[in-house]
Amino acid sequence: MLLVDIRDILARTESDRISIADLAAELGKMEDRPWPDFGRGKSITTAKLSRMLKRFGIFSSSMRDGSETFKGYILGSFTEGFARYLPPKKS
């Protein structure tokens, strides 16, 4: 379920990377999914999201956007996990 939701979020992303904070925030907006109430009535945290993605071999790294640095993911790092754990997306 997590990878399906992330695949949908990344399909709308115009960049080749996404911060873990932005990804967690987008998951938290999905009212019909478990992410808004993931931990004791609170939205999924960046730490929990990072731990969950590590199980799929997807790891965050430090990134820079101008003078701003953040933890995030290069979109290509999801390719293998999507291919391995998800059925092909229907057109």
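**Exercise 1. Determine the strand order of the open sheet and the sense of its pairing.**

Solution. In this predicted model, the open sheet consists of three strands in the order E1-E3-E2, and the pairing is antiparallel. Strand E1 (17–19) and strand E2 (61–65) each have a single partner strand and stand at the edges, so one side of each lacks a neighbour in the sheet. From one strand to the next, the twist averages 60°.

**Exercise 2. Establish how E1 pairs with strand E3, and state which residues stand opposite each other.**

Solution. Step one concerns the bridges: E1 and strand E3 (residues 68–74) are joined in the antiparallel sense over three of them. Step two concerns the register. Arginine 17 lies opposite isoleucine 74 in E3, and isoleucine 18 lies opposite tyrosine 73 in E3. Step three adds the helix: helix H2 (residues 20–28) packs on the sheet, where it touches E1 and E3. The direction of H2 makes about 75° with that of E1.

**Exercise 3. Describe the pairing of E2 with E3 and the hairpin that these strands form.**

Solution. E2 and E3 pair over five bridges, again in the antiparallel sense. Within this pairing, methionine 63 is placed opposite phenylalanine 70 in E3. The hairpin has two residues between the strands, and glycine 66 adopts a positive phi near 65°.

**Exercise 4. Identify the residues of the largest nonpolar core that touch the most other members, and the elements that contribute to this core.**

Solution. The largest nonpolar core has 22 residues, of which Ile6, Leu23, Leu27, Leu49, Leu53 and Phe78 touch the most other members. Two or more residues come from each of helix H1 (2–11), H2 and helix H3 (46–54). The greatest contribution is that of H1, with five residues.

Leucine 49 may then be examined individually. When its neighbours within four places in sequence are left aside, leucine 49 is in contact with Leu2, Ile6, Ile20, Leu23, Ala24, Leu27 and Ile44.

**Exercise 5. Decide whether H1 is largely enclosed or left open by the rest of the structure.**

Solution. A residue counts as buried when its relative accessible area is under 20%. By this criterion, the buried residues of H1 are Leu2, Leu3, Asp5, Ile6, Arg7, Ile9 and Leu10. Because seven of the ten residues of H1 are buried, this helix is largely enclosed by the rest of the structure. The packing partners of these buried residues are E1, H2, H3 and helix H4 (79–85).

Methods:
Residues numbered from 1 in each chain as written. Predicted model: local features only at pLDDT ≥ 70, side-chain atom pairs only at ≥ 80, totals over all residues. Heavy atoms only, no water. Pairing = 2+ DSSP bridges. Helix = DSSP H or I, 4+ residues; strand = E, 2+ residues; numbered from the N terminus. Axes fitted to C-alpha atoms, helices over the stretch in contact; angles between N-to-C directions. Contact = heavy atoms within 4.5 Å. Core = buried A, V, L, I, M, F, W, Y, C linked by side-chain atoms within 4.5 Å. Buried < 20%, exposed > 50% of the residue type's maximum accessible area, 1.4 Å probe, protein only.
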